[in-house]
Amino acid sequence: MDTKELLKKVRKIEIKTRRLSDHIFGGEYHSTFKGRGMTFSEVRQYQFGDDVRNIDWNVTARYNEPYIKVFEEERELTMMLMVDVSGSEMFGTEAQFKNEIITEIAATLAFSATQNNDKIGLILFSDKVELYIPPKKGRSHVLRIIRELIEFEPESKQTNLAEALKFMQNVMKKKAIVFVLSDFIADDYNQTMKIVSGKHDVTGIRVYDKREEEIPNLGVVQMEDEETGEYMLVNTSSKKVRLNYAKFYQEKVDYYRESFTKSGAGTIDCRVDESYVKKMLGYFKRRG
């Protein structure tokens, strides 16, 4: 993709997702993620009705009258976007590929965080961390993130979510708001998920295409595994083949939901032909 075409794409996504974050998500994001806690601001003289637990005994002793500590909500947060760039994200039978929807959702979240003056970081992962952009503030930083989401070409097509979660845990020393965007066709991450959710506020956003849920009856067809690159002949007219595939797919979805829910993380399911706006707003409202 040449630079002109890339900039045009970035601009198009910026216009669409900025509008969403300005009019819809900004306020919802703010009320959902209120801040990390309280931070000391100043001391003032005690007034009737103040909480005696907030009395500053050192200042009180110095001035011989009671003073209390005043706290403010610590507002600045850090959002980490973890985006699956493995081969299966290139799948799409509707108007858009999964990775295009993922880019739009990530951009909307990033602009919502920017409105709040929060930092945003990015981790692109396959079966390893392909790219890490440390958290920073500002529009130009968000545009860089969008640019990477559009044009980044991963070295690997396979997926290892546990590896990406471990990396994030190592680089993020303070609590962060973490959004994991993937189709979650992955294994062996529930233990890592428990550890990460104990420290961070995690939400999984599963982006999927309805045609992935089951194989249609098309006779014998050649299929390519997007993650391994292997070709195989599959007899889709066999009921057993179709049932086995549907079972395999459902097991992955159940594993994702169970891993996230049991560890206290949130989940959002976005089908590519449905409105992700409605899904995300519903999620923010439930949590707010």
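A salt bridge is counted here when a side-chain nitrogen of Lys or Arg lies within 4 Å of a carboxyl oxygen of Asp or Glu. By that criterion, a search of the whole structure, which is a predicted model, finds 19 salt bridges. A search for aromatic pairs over the whole structure returns 11. The points below take up the aromatic pairs, the surroundings of R206, the packing of helix α6, one polar contact of T159, and a selection of the salt bridges.

**Aromatic pairs and cluster**

- Among the 11 aromatic pairs is the one formed by Y63 and Y67, which is tilted, with 5.4 Å from centre to centre and 40 degrees between the planes.
- The two partners of this tilted pair fall into separate accessibility classes, because Y63 has a relative accessibility of 47% and counts as partly exposed, whereas Y67, with a relative accessible area of 16%, is buried.
- A further aromatic pair, that of F184 and Y256, is stacked, its ring centres lying 4.3 Å apart and its planes meeting at 20 degrees.
- F184 belongs to the loop between β6 (177-182) and α6 (190-199), while Y256 belongs to helix α7 (residues 239-262), so this pair ties together parts that are 72 residues apart in sequence.
- F184 and Y256 are both buried, and they also take part in one aromatic cluster that comprises F184, Y189, Y255, Y256 and F260.

**The surroundings of R206**

- R206 is located in strand β7, and with a relative accessible area of 2% it is buried.
- R206 lies over the face of Y208, at 4.0 Å from the ring centre.
- When neighbours within four places in sequence are left aside, the contacts of R206 include S182, D183 and F184, as well as Y249, V253, Y256 and R257, and also I268, D269 and C270.
- Two of these contacts, F184 and Y256, are the partners of the stacked aromatic pair described above.

**Packing of helix α6**

- Which residues of α6 are buried? They are T192, M193, V196 and S197, and because they cover an arc of only 130 degrees around the axis, they are placed on the same side of α6.
- As general background, an α-helix has 3.6 residues a turn, so residues three or four places apart point the same way.
- The buried residues of α6 pack against α5 (161-171), β7 (201-208) and α7, and the strand β7 in this list is the one that holds R206.
- On the face of α6 that is turned away from its buried side, the exposed residues I195 and G198 are found.

**A polar contact of T159**

- T159 is situated in the loop between α4 (139-151) and α5, and it counts as buried because its relative accessibility is 18%, the cut-off for buried being under 20%.
- The side chains of T159 and S86 are joined by a polar contact of 3.0 Å.

**Salt bridges**

- In general, side chains of opposite charge can pair when their charged atoms come close.
- R11 and E14 form a salt bridge through their side chains, with a distance of 2.7 Å from N to O, and both residues lie in helix α1 (residues 3-32), where they are 3 residues apart, about one turn of the helix.
- Within this pair, R11 has a relative accessible area of 43% and is partly exposed, whereas E14, at 3% relative accessibility, counts as buried.
- In the salt bridge between R44 and D50, the closest N and O atoms are 2.9 Å apart; R44 is partly exposed, with a relative accessible area of 28%, while D50, at 17% relative accessibility, counts as buried.
- K252 and D187 also meet in a salt bridge between their side chains, at 3.1 Å from N to O, and this pair links distant parts of the chain, since K252 is in helix α7 and D187 is in the loop between β6 and α6, 65 residues apart.
- Here K252 is the buried partner, with a relative accessible area of 13%, and D187, with a relative accessible area of 45%, is partly exposed.
- Beyond these pairs, a network of salt bridges links K210, R271, D273, E274 and K279.

Key:
Residues are numbered from 1 along each chain as its sequence is written. This is a predicted model: local features need pLDDT of at least 70, side-chain atom pairs count only at pLDDT 80 or more; totals for chains, interfaces and linings use all residues. Side-chain values use heavy atoms; hydrogens and water are left out. Rings of Phe, Tyr and Trp (its six-membered ring) pair if their centres lie within 6.5 Å; planes under 30 degrees apart count as stacked, over 60 as edge-to-face and the rest as tilted. Buried means under 20% relative accessible area, exposed over 50%, partly exposed in between (1.4 Å probe, protein chains only). Helices (H or I, at least four residues) and strands (E, at least two) are DSSP runs, numbered from the N terminus. A charge sits over a ring if NZ of Lys or CZ of Arg is within 6 Å of the ring centre and within 35 degrees of the ring normal. The arc is that of the directions from the helix axis to the C-beta atoms. Contact means heavy atoms within 4.5 Å. A polar contact is a pair of N or O atoms within 3.5 Å; within protein, one must be able to donate a hydrogen and the other to accept it, and residues adjacent in sequence count only if both atoms are side-chain atoms.
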